[in-house]
Amino acid sequence: MRIKRKAESNNWYVCRFVDEHNHDLLPAKFVSYLPAYRKLSDVDRAHMDSLRQVGISIPKIYESITAQAGGFNLVTFTKRDMYNVVRRQRAMQSSDVNAVLRYFNVGTEQNMCDLFWSDGRSQDDYKIFGDVLAFDATYG
């Protein structure tokens, strides 16, 4: 597709469109390996977490899940997806929010309603610009 702008009106238009692929399409048996089609369900995540807590490695967990499903081709995610979940979980555990919760020892029955966080760089920026930008990090 080629798009150009009309000089007189500044509107954009499609000047050329080729309705053919310039490459071979992926065979259907490999489509499930594309990122858009891979999904690690909440049940699979919980299963993986419980097995990791008793010391079972990701490769062994993946092997177990594929055996239960009846083969690699019937599992909706890859071993790399499992490693990515673990990496994100570790990043969350070492985040500022979790550090604050650990510092204040906030348990499951207690709720923290508001917390104002201001690091040194933010304070310096406020001195220079005189503005504050606030956002709700808990929103969906």
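Start by selecting Val86, which sits in helix α3; helices here are DSSP runs of H or I with at least four residues, strands are E runs of at least two, and both are numbered from the N terminus. Before you click on, note that this is a predicted model, where local features need pLDDT of at least 70, side-chain atom pairs count only at pLDDT 80 or more, and totals for chains, interfaces and linings use all residues. Residues are numbered from 1 along each chain as its sequence is written, and side-chain values use heavy atoms, with hydrogens and water left out.

**Stop 1: Val86 and Met48**

Is Val86 buried or exposed? It counts as buried because its relative accessibility is 5% (buried is under 20% relative accessible area, exposed over 50%, partly exposed in between, with a 1.4 Å probe and protein chains only). Now show its contacts, meaning heavy atoms within 4.5 Å. Leaving out residues up to four places away in sequence, Val86 touches Met48, Arg52 and Ile58.

Draw a C-alpha to C-alpha distance from Val86 to Met48: you should get 9.4 Å, for two residues 38 apart in sequence. Then move over to Met48 itself. With residues up to four places away again not counted, Met48 touches Ile58, Ile61, Met82, Val85 and Val86.

**Stop 2: the core**

Widen the selection to Leu40, Met48, Leu51, Ile58, Ile61, Tyr62, Ile65, Val75, Phe77, Met82, Val85 and Val86: these 12 residues are the largest nonpolar core. The term covers buried Ala, Val, Leu, Ile, Met, Phe, Trp, Tyr and Cys residues joined through side-chain atoms within 4.5 Å. Colour by helix, and you'll see that α1 (42-53), α2 (58-69) and α3 (79-93) each supply at least two residues of this core. Which helix gives the most? That's α2, with four residues. As background, nonpolar side chains tend to be buried together in soluble globular proteins.

**Stop 3: the rings**

Next, show the aromatic side chains. Rings of Phe, Tyr and Trp (its six-membered ring) pair if their centres lie within 6.5 Å; planes under 30 degrees apart are stacked, over 60 edge-to-face, and the rest tilted. How many aromatic pairs are there? The count comes to two. Take Tyr62 and Phe72: their centres are 5.8 Å apart and their planes at 40 degrees, so the pair is tilted. It links Tyr62 in helix α2 with Phe72 in the loop between α2 and α3, 10 residues apart. Tyr62 is buried at 7% relative accessible area, while Phe72 is partly exposed at 49%.

Swing round to Tyr62 and Phe77, an edge-to-face pair with 6.0 Å centre to centre and 65 degrees between the planes. Phe77 is also in the loop between α2 and α3, 15 residues from Tyr62, and is buried at 3% relative accessibility. Together, ring pairs link Tyr62, Phe72 and Phe77 into a cluster.

**Stop 4: Thr66**

Back in helix α2, pick Thr66. It is buried at 4% relative accessibility. Neighbours within four places aside, Thr66 is in contact with Gly71, Phe72 and Val75.

**Last stop: Tyr37**

Finally, select Tyr37, in the loop between β2 (12-16) and α1. At 53% relative accessibility, Tyr37 counts as exposed.
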